[in-house]
Amino acid sequence: MLENVVAWLTGNLSPSARIWTALGPAILACVYFLGGLLIFCIRCAFKGVPRDEETLKRGNAGFVGYFLRHYFFWIIQPLWAVILRSGLPANALSMLSGLLGISSGVAVAAGRFALGGWLFLGAGILDVMDGRIARTRKEANPAGAALDSVLDRYVDSAMLMGLAWYYRDTWVLLPALGALLGSSLVPYVRAKGEGLGVNVRDGAMQRLERVLFLGAGTALSPILEAVFWPTEKHPMHWLAVVGLVFVAIMSNLTAISRFRNLVKALAPKRVEARSEKAIVGLNAAAGAVATLADFAVVLALVELAGLLPAWATALGALLGAVVNYSINRVFTFRSTAAVGRQVMRYAVVSGTSALLNAGGVALLTLHPQLAYTLGWWLVRGVVYFAWNLPLQRDYVFNDSNSPEALLEQRPHAA
């Protein structure tokens, strides 16, 4: 018995012990939650869904739909009632959640994924309860809200730092760092929006989803490792990897979506000749047509006219620029401003775009493990959406920013 306890504490577990340390809590949780789901569905059929008002106030429910959220808060009512009657302060629950969350990061860094995953899920459940306890007792205050929010960031960061440490010698380090970035930006953009008077709570990967996917994937991952790779000294824990990659992608997409909506809400309103989707589509189509024209000219000059490829490439690029400019001026942005100044601005944007693309690809090739073709597409996409498209819309083809329009806006002398 003592040897088993020592083995569990040190992590020197047999394959079967590794399975049961992950599966034991999972079986208990499944019996409770799945049995409760059956009772909940029966109750809903006769009495309707018991709605949780705080869930409804939070808006878009992300991956975990409203029904499941209402069910979750209904199923944890017994635990919530016990904590409420215990008299524990809400801040104590926040601190306990923080301690469990930080401990989860320490556990996964040491390779104890089952322990770390269940600690992380426990921290998430306590985090759900602390604010509700404070509001029920009418003890909610800014100090408690600040404590809860900051500790949440520590919990998320601790878990992801622990995973990053465990995967430090593998490619999984990159999604771990990406998840750390996205998990920090999602609440930051929301807080920044609230400070500026804009409510941005949308997005698929909110905190409940992050805790669920990351915690469950980490907690259950030792089962697969013990079944398929029982002799591995440093197992990959593939279920945790899948959850980590998913959280990394979706949390950053959620942060970008919130950031875009925040900027859009704060930007001065203006009347566009076309919708934003139409502008993006036509602008991309103009680029595709220009590229085809560029390639056709190069092919014709080299194969038919016998011109050197270098000269043919220069002439092809010039034609491609003319085609791209013309399509965007006439069809995409429907601009009527003076051509001369637009051409100069277009040249500035195109030249800086070329430098940004070349520099980005050069930087990514410093990492030989990343295929240069993938790096090329990544850089192209980032430069297009962050530089080319905004500047063509707001700088090159923005008629309201032309000298003629600015002169009209100036007050005339009496």
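In this predicted model, Arg190 pairs with Glu194 in a salt bridge whose closest N and O atoms are 3.9 Å apart. Both residues belong to helix α9 (residues 173-195), where they sit four residues apart, about one turn of the helix. Arg190 is partly exposed at a relative accessible area of 24%, and Glu194 is likewise partly exposed, at 41%.

A search of the whole structure finds seven salt bridges, including the three tabulated here.

| Salt bridge | Closest N to O distance |
|---|---|
| Arg190 and Glu194 | 3.9 Å |
| Asp127 and Arg207 | 2.8 Å |
| Arg393 and Asp394 | 2.9 Å |

Asp127 forms its salt bridge with Arg207; Asp127 lies in helix α7 (residues 113-136) and Arg207 in helix α10, so the pair ties together parts that are 80 residues apart in sequence. Asp127 is buried, with 12% relative accessibility, and Arg207 is also buried, at 14%. These two residues belong to a network of salt bridges that also links Asp152, Arg153, Asp156 and Arg210. In the pair Arg393 and Asp394, by contrast, Arg393 is partly exposed at 25% and Asp394 is partly exposed at 27%.

Helix α10 (207-228) also contributes to the surface, as α10 and α11 (238-266) each supply at least two residues of a nonpolar patch. This patch, of about 690 Å², is made by Trp171, Leu224, Val227, Phe228, Trp229, Trp238 and Leu239, and its largest share, three residues, comes from α10. Trp229 is found in the loop between α10 and α11 and is partly exposed, with a relative accessible area of 35%.

Overall, the chain has 16 helices and zero strands, and 36% of its 414 residues are buried.

How values were computed
Residues are numbered from 1 along each chain as its sequence is written. This is a predicted model: local features need pLDDT of at least 70, side-chain atom pairs count only at pLDDT 80 or more; totals for chains, interfaces and linings use all residues. Side-chain values use heavy atoms; hydrogens and water are left out. Buried means under 20% relative accessible area, exposed over 50%, partly exposed in between (1.4 Å probe, protein chains only). Patches are made of residues with over 30% relative accessible area and no salt bridge: like charges are joined within 9 Å, nonpolar side chains (Val, Leu, Ile, Met, Phe, Trp, Tyr) within 5 Å. Accessible areas come from the Shrake-Rupley method with a 1.4 Å probe; for residues, only the protein chains shown count as cover. A salt bridge is a side-chain nitrogen of Lys or Arg within 4 Å of a carboxyl oxygen of Asp or Glu.
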